[in-house]
Amino acid sequence: MSAITVTAPAKVNLHLEVLGLRSDGFHELAMVMQSIDLADCLEFQNTADAQLSLRCNEPSLSIGNDNLVLKAAHLLRERSGFNELGASIHLEKHIPIGAGLAGGSSDGAAALVGLNHLWGLGRSHVELEELAAELGSDMPFCIRGGSQLCFGRGELLEVLPSPTDLMAVLLLKDPDVSVSTPWAYQRCRDLHGESYLQGESAFEERRQALREAAWTRPIQTELPPPLRNDLQAVVEPETPAVQKALQLLRSLPGTLAVAMSGSGPSCFALFPDLPSSQQARDALKTHLEIAGLSAWCCPLRLSGVRIEP
Ligand code: C5P
């Protein structure tokens, strides 16, 4: 096999609950992550020359060894022990960068899945998720995607049943604004650290409550996700672009719920289907132009990164 194409979808957080602080300095989380049908596209070519190179259609993105795609490629090759493996990778960005949509993590996950296939390494999804966890907290989810409970730093995964209704999101983001994830978590700790839960049994109680939440089984329009994001409470007051996006989304009729995704600044409204999200975007057209916000409509997606036939 000499070349393959892999799609790498974005995610939104239907639930992001900060439980407490871990001994490794990260936050202990209880999340529900959901893939959406807004995806980057990666092409991998086998070069067998010990070189790993990346090109990208988006000039603002680093194509150096700090890019998660190359980090993932180096890690997979190193663990395989076959140093002569090489690949030329092209990344076509569609997911906005620095948006809280796990675009970079999904690209990294696509590199693990794509190169595992291209190089014939035979690693399972679970093995690839373990490698992904070494590179980023959101990356393990992106391998299988769909709807999953994500605990720990984000790497302890429990797959949820697929949504029975293919709801859709209207996503808004200011193209000139991004939020630093470390900043958002640090701010959360500064403001709320004193009320964090302490200890494994308190954490497990919240995990169990989320496992038992009726809206997760399965996700459906009859009982839509209430949407909770604890980082929203710390990012929204500091970020006018988030305030504006949330205000516009909340003004729309027909939304099932509205929230920020991840550490922001993307915000989204959930709709029963794609046409209703598109109608809402059309209704906001002038307001979006005035506010300088970009908008995307996309259905929920039932899977994560995918090797295209
Ligand atoms: O793992 P990732 O690179 O996505 O995390 C970026 C930063 O976000 C971490 O360095 C940490 O400051 C913060 N973080 C956290 N707790 C998590 C995930 C991320 O504190 N569960």
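Proline 265 is found in the loop between β9 (257–260) and β10. The model is a predicted one. The exercises start with this proline.

**Exercise A: two prolines**

Find the geometry of the peptide bonds that lead into proline 265 and proline 218, and place proline 218 in the chain.

Solution.
- Start at glycine 264. Its peptide bond to proline 265 is cis, with omega near 0°.
- Go to arginine 217. Its peptide bond to proline 218 is cis too, with omega near -15°.
- Now place proline 218. It belongs to the loop between α6 (200–211) and β8.

**Exercise B: the chain as a whole**

Decide whether the radius of gyration of the chain agrees or disagrees with that of a compact globule. Then describe the chain's extent, burial and contacts.

Solution.
- Take the length: 309 residues. For a compact globule of that length, the expected radius of gyration is near 19 Å.
- Compare the model. The chain has 19 Å, so the two agree.
- Check the extent. The C-alpha trace spans about 55 × 50 × 35 Å along its principal axes.
- Look at cover. Buried residues make up 53% of the 309.
- Turn to contacts between residues at least 6 apart in sequence. Of these, 75% join residues at least 24 apart.
- List the secondary structure. The chain holds nine helices and 12 strands.

**Exercise C: surface and charge**

State how much accessible surface the chain has, and how its charged side chains are distributed.

Solution.
- The accessible surface is about 13,100 Å². Carbon and sulfur atoms account for 49% of that surface.
- Count the charges. There are 24 positive and 37 negative side chains.
- Locate the two sets. Their centres lie 1 Å apart.

**Exercise D: strand β7**

Work out how covered β7 (residues 168–173) is, and which strands it pairs with.

Solution.
- Count the buried residues. Six of six are buried, and the strand is mostly covered.
- Split the residues by direction. Ala168, Leu170 and Leu172 point one way. Val169, Leu171 and Lys173 point the other way. Both sets are buried, including Lys173.
- Take one partner, β10 (residues 267–271). Five bridges join β7 to β10, and the two run antiparallel. Here leucine 171 stands opposite phenylalanine 268.
- Take the other partner, β11 (residues 294–299). Six bridges join β7 to β11, again antiparallel. Leucine 172 has alanine 295 as its bridge partner.

**Exercise E: strand β1**

Why is β1 (residues 3–21) described as largely enclosed? Trace its pairings with β2, β12 and β8 as well.

Solution.
- Count: 16 of the 19 residues in β1 are buried, so the rest of the structure largely encloses the strand.
- Pair with β2 (residues 27–46). The two run antiparallel, joined by 16 bridges. Valine 12 bridges to glutamine 34 in β2.
- Inspect the hairpin of β1 and β2. Five residues lie between the strands, and glycine 25 takes a positive phi near 90°.
- Pair with β12 (residues 306–307). Two bridges join β1 and β12, which run antiparallel. Threonine 7 has arginine 306 as its bridge partner.
- Pair with β8 (residues 228–229). The sense is parallel, over two bridges. Histidine 15 stands opposite arginine 228.

**Exercise F: three alanines**

Is alanine 72 buried or exposed? Ask where alanine 48 and alanine 50 lie, and classify them as well.

Solution.
- Alanine 72 lies in helix α1 (residues 68–80). Buried means under 20% relative accessible area. Alanine 72 has 0%, so it counts as buried.
- List its contacts, leaving aside neighbours within four places in sequence. They are Gly108, Ala111, Leu112 and Leu135.
- Add a distance. Alanine 72 and glycine 254 are 182 residues apart in sequence and 41 Å apart in space, C-alpha to C-alpha.
- Move to alanine 48, in the loop between β2 and β3 (52–56). Its phi is positive, about 50°, although it is not a glycine. With a relative accessible area of 59%, alanine 48 is exposed.
- Finish with alanine 50, in the loop between β2 and β3. Its phi is about 70°, positive for a residue that is not a glycine. At 34% relative accessibility, alanine 50 counts as partly exposed.

Definitions and conventions. Residues numbered from 1 in each chain as written. Predicted model: local features only at pLDDT ≥ 70, side-chain atom pairs only at ≥ 80, totals over all residues. Heavy atoms only, no water. Helix = DSSP H or I, 4+ residues; strand = E, 2+ residues; numbered from the N terminus. Rg over C-alpha atoms; globule rule 2.2 N^0.38 Å. Buried < 20%, exposed > 50% of the residue type's maximum accessible area, 1.4 Å probe, protein only. Contact = heavy atoms within 4.5 Å. Areas by Shrake-Rupley, 256 points an atom, 1.4 Å probe, with all protein chains shown as cover. Lys, Arg positive; Asp, Glu negative; His and termini not counted. Charge placed at Lys NZ, Arg CZ, Asp CG, Glu CD. Pairing = 2+ DSSP bridges.
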